[in-house]
Amino acid sequence: MARPDRVFKAAYNAMLDALVANPSIQNISAIARQLDVSRTTARAILNRLEKAGILTQAGPDRQLLRVPQRRDYFAASETMDMRDALEATFMQMIRSEDIGPGALLNERLLARQLNVSVQTMREFLIGLSRFGFVRKDHHRRWVLEGVTRKYALELHEVRVMFESRAVEKLCQIPENDPFWGGLIRLKQDHLEISAHSDFADLDFPALDTKFHRFLNAHADNRLIVGFQDAISMIFNHHYLWPLEDQIHHHLTATSDHLQIIQAVLERDRRKARAAMQSHLDATRHRFEEATS
């Protein structure tokens, strides 16, 4: 996907979230500032909203005709940036056991499989090497490595500090920010997956990564966003949880997420922090059991 197309689609989704959170319609300049896009892009977004029957036609008294629905949004695959899309596909390869610890990674082959340039693939692998997931052997070949239990638990301590503080900051985001509509949409995702009759077939790790990435990204802390790749790799993808209790774990974690989301929606900082800490403590306990 071309970058301008992705930027437009991501901004359009953000505008839908803004309308869910606050149905008041701003002028083009205000929308451009809110979404961090050009006035041209803001105007194109309004035009699409009109064609979709969400807003009335242009004019000083433009109004919301209906609340945006899930069908109005562009799919995540269409708005995801290159690195996130690459990470998601690469992690899926690991989870499906197409590749495992000790496997040699061919940059050119992976680039073709994942539909990216060799340079993009190389930069991605270099990024993973900072966390010890891959290394170069004495033949200068990339090798998929495991990470030590000690390293994972140290990273988890950092995660607790960052994410517990993050949910407190989220409670202070202004009322008209698109974040609130996005959080409502994330809540709906969790309600749908928890109500599904065959939970085993659903991709909870992807939802878990989406949940934590969404909260951390909006807490506006570049350091925790940088750690997100390592966190998702270790706790969702690198270690394959025992199958016999996997569904129970996923259901419990989904319930934890919903408690955190609700606390943030209520702007209850203390409740949100406590819910996040409880969730991460449970994650650590299960990780220790699985790797002992």
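Contact, as the term is used here, means heavy atoms within 4.5 Å. In the predicted model, this criterion places Glu-163 in contact with His-212, Asn-216, Ile-224, Ile-231, Met-276 and Leu-280, once its neighbours within four places in sequence are left aside. Glu-163 belongs to helix H8, and its relative accessible area of 1% lies under the 20% limit, so that the residue counts as buried.

At the level of the whole chain, the secondary structure comprises 13 helices and 3 strands, and 44% of the 292 residues count as buried. Among the contacts with a separation of 6 or more, 70% are accounted for by residues 24 or more positions apart. The exposed area of the chain is about 15200 Å², of which carbon and sulfur atoms supply 50%.

Two packed helices are described by the angle between their axes and the distance between the axes. For helix H8 (residues 149–170) and helix H13 (residues 269–291), the angle is about 165° and the axes are 8 Å apart, which makes H8 roughly antiparallel to H13. The crossing of this pair is right-handed. On the H8 side, the residues that meet H13 are Arg-149, Ala-152, Leu-153, His-156, Glu-157, Arg-159, Val-160, Glu-163, Ser-164, Arg-165, Val-167 and Glu-168, while H13 contributes Arg-269, Ala-272, Arg-273, Met-276, Gln-277, Leu-280, Thr-283, Arg-284, Phe-287, Glu-288 and Thr-291. Divided by class, the contact of H8 with H13 contains 8 nonpolar, 5 polar and 10 charged residues. The buried Glu-163 is one of the H8 residues in this contact, and Met-276 and Leu-280 are included among its own partners.

Helix H13 is also packed against helix H12 (residues 246–265), the two axes coming within 8 Å and crossing at roughly 165°; H12 and H13 are therefore roughly antiparallel to each other. Here the crossing is left-handed. The H12 residues Gln-246, His-249, Ala-253, Asp-256, His-257, Gln-259, Ile-260, Ala-263 and Val-264 meet Lys-271, Ala-272, Ala-275, Met-276, His-279 and Arg-286 of H13, and the residues of this contact divide into 7 nonpolar, 5 polar and 3 charged. Ala-272 and Met-276 of H13 thus take part in the contact with H12 as well as in that with H8.

A further helix pair is formed by H9 (residues 178–195) and H10 (residues 204–218), whose axes come within 11 Å and cross at roughly 160°, and which are therefore roughly antiparallel to each other. H9 passes H10 in a left-handed crossing. The contact involves Phe-179, Gly-182, Leu-183, Leu-186, Asp-189, His-190 and Ile-193 of H9, together with Phe-204, Leu-207, Lys-210, Phe-211, Phe-214, Leu-215 and His-218 of H10; these residues comprise 9 nonpolar, 3 polar and 2 charged.

With regard to backbone geometry, most residues other than glycine have a negative phi. A positive value, near 65°, is found for Arg-140, which lies in the loop between strand E2 (134–136) and strand E3 (142–144) and which, at 60% relative accessibility, counts as exposed. Arg-267 likewise has a positive phi, near 60°; this residue is found in the loop between H12 and H13, and at 29% relative accessibility Arg-267 counts as partly exposed. The loop that holds Arg-267 accordingly joins two helices, H12 and H13, that are roughly antiparallel to each other.

Terms used: Residues are numbered from 1 along each chain as its sequence is written. This is a predicted model: local features need pLDDT of at least 70, side-chain atom pairs count only at pLDDT 80 or more; totals for chains, interfaces and linings use all residues. Side-chain values use heavy atoms; hydrogens and water are left out. Helices (H or I, at least four residues) and strands (E, at least two) are DSSP runs, numbered from the N terminus. Buried means under 20% relative accessible area, exposed over 50%, partly exposed in between (1.4 Å probe, protein chains only). Accessible areas come from the Shrake-Rupley method with a 1.4 Å probe; for residues, only the protein chains shown count as cover. Axes are lines fitted to C-alpha atoms, for helices over the stretch in contact, and angles run from 0 to 180 degrees between N-to-C directions. Angles under 35 degrees count as roughly parallel, over 145 as roughly antiparallel, 65 to 115 as roughly perpendicular and the rest as oblique. A crossing is left-handed if the near helix is turned anticlockwise from the far one by less than a right angle, and right-handed if clockwise. Ala, Val, Leu, Ile, Met, Phe, Trp, Tyr, Cys and Pro count as nonpolar, Asp, Glu, Lys and Arg as charged, and the others, Gly among them, as polar.
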